[in-house]
Amino acid sequence: MKRMSISLFQIGVLFITLCIVLLAAFWLPQTAAVFAEDAPEYAYLQYPLLVAIYVTLIPFLCAIVEGLRLSRRVALNDAFSDLSVLHLKRIKMSAFIISLLYLTGGIILNTLVDMAPGIALLGIIIMLASLMIGLISGILEELLRKALEIKEENDLTV
């Protein structure tokens, strides 16, 4: 049962990731082009914003890969290992990088143009969500590290 639920989790994560990558590859450029036609005064932002979104896609994909590796460790009953701590650390760093990129992008965008509240709100939501993922990953990383220390102590006493 556990193996099936982990497989379903991995399939779900891969499906969501595929949808996000396809949206970024096909829908986003078309939407940016339409937006540039509708609002020519902001057309100069079309390509910088696309590049910025594609740059944030890199740490997102890194976090997804690390999450899949971590779920594979759980499926193999090797969740309490140093590699699991490393996977959580990489997820944490990816989430913080995404938050930092959105914070920097929001500040730059706000100084260049008078940003619409909806766009600002979307950026803040993404930034806070990735910040929360980073914090939760950091907490889990520290808990797993302490559990490994306790496990090593118990192995040495037996």
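In which helix is the place of Lys92? Lys92 sits in helix H3, which covers residues 82-112. The model described here is predicted.

**Lys92 in helix H3**

Is Lys92 buried or exposed? Its relative accessibility is 18%, so Lys92 counts as buried. The cut-off for that label is under 20% relative accessible area. Setting aside residues up to four places away in sequence, Lys92 touches Gly134, Ser137, Gly138 and Glu141. Helix H4 spans residues 117-157. A longer separation can be given too. Leu148 lies 56 residues from Lys92 along the chain, and their C-alpha atoms are separated by 19 Å.

**A nonpolar patch**

Which residues make the nonpolar surface patch? They are Ile124, Leu128, Leu131, Met132, Leu135, Ile136, Ile139, Leu140 and Leu143. The patch has an area of about 810 Å². One of its members, Ile124, is placed in helix H4. Ile124 has a relative accessible area of 42%, so it is partly exposed.

**Ala75 in helix H2**

Helix H2 runs over residues 46-75, and Ala75 belongs to it. Ala75 has a relative accessible area of 18% and is therefore buried. What does Ala75 contact, leaving aside neighbours within four places in sequence? The partners are Arg3 and Ile6. Ser7 is 68 residues from Ala75 in sequence, yet the two C-alpha atoms are 8.5 Å apart in space.

**The cysteines**

How many disulfides does the structure hold? The number is zero. A disulfide is a covalent bond between the sulfur atoms of two cysteines. Why is Cys19 not bonded to Cys62? The closest cysteine sulfur to that of Cys19 is in Cys62, 20 Å away, and this is too far for a bond. A disulfide needs the two sulfur atoms within 2.5 Å. Seen from the other side, Cys62 is in no disulfide, and its nearest cysteine sulfur is that of Cys19. Cys19 is partly exposed, because its relative accessibility is 31%. Cys62 is also partly exposed, with a relative accessible area of 40%.

**Accessibility by residue**

The table collects the values and labels.

| Residue | Relative accessible area | Label |
|---|---|---|
| Lys92 | 18% | buried |
| Ala75 | 18% | buried |
| Cys19 | 31% | partly exposed |
| Cys62 | 40% | partly exposed |
| Ile124 | 42% | partly exposed |

Key: Residues are numbered from 1 along each chain as its sequence is written. This is a predicted model: local features need pLDDT of at least 70, side-chain atom pairs count only at pLDDT 80 or more; totals for chains, interfaces and linings use all residues. Side-chain values use heavy atoms; hydrogens and water are left out. Helices (H or I, at least four residues) and strands (E, at least two) are DSSP runs, numbered from the N terminus. Buried means under 20% relative accessible area, exposed over 50%, partly exposed in between (1.4 Å probe, protein chains only). Contact means heavy atoms within 4.5 Å. Patches are made of residues with over 30% relative accessible area and no salt bridge: like charges are joined within 9 Å, nonpolar side chains (Val, Leu, Ile, Met, Phe, Trp, Tyr) within 5 Å. Accessible areas come from the Shrake-Rupley method with a 1.4 Å probe; for residues, only the protein chains shown count as cover. A salt bridge is a side-chain nitrogen of Lys or Arg within 4 Å of a carboxyl oxygen of Asp or Glu.
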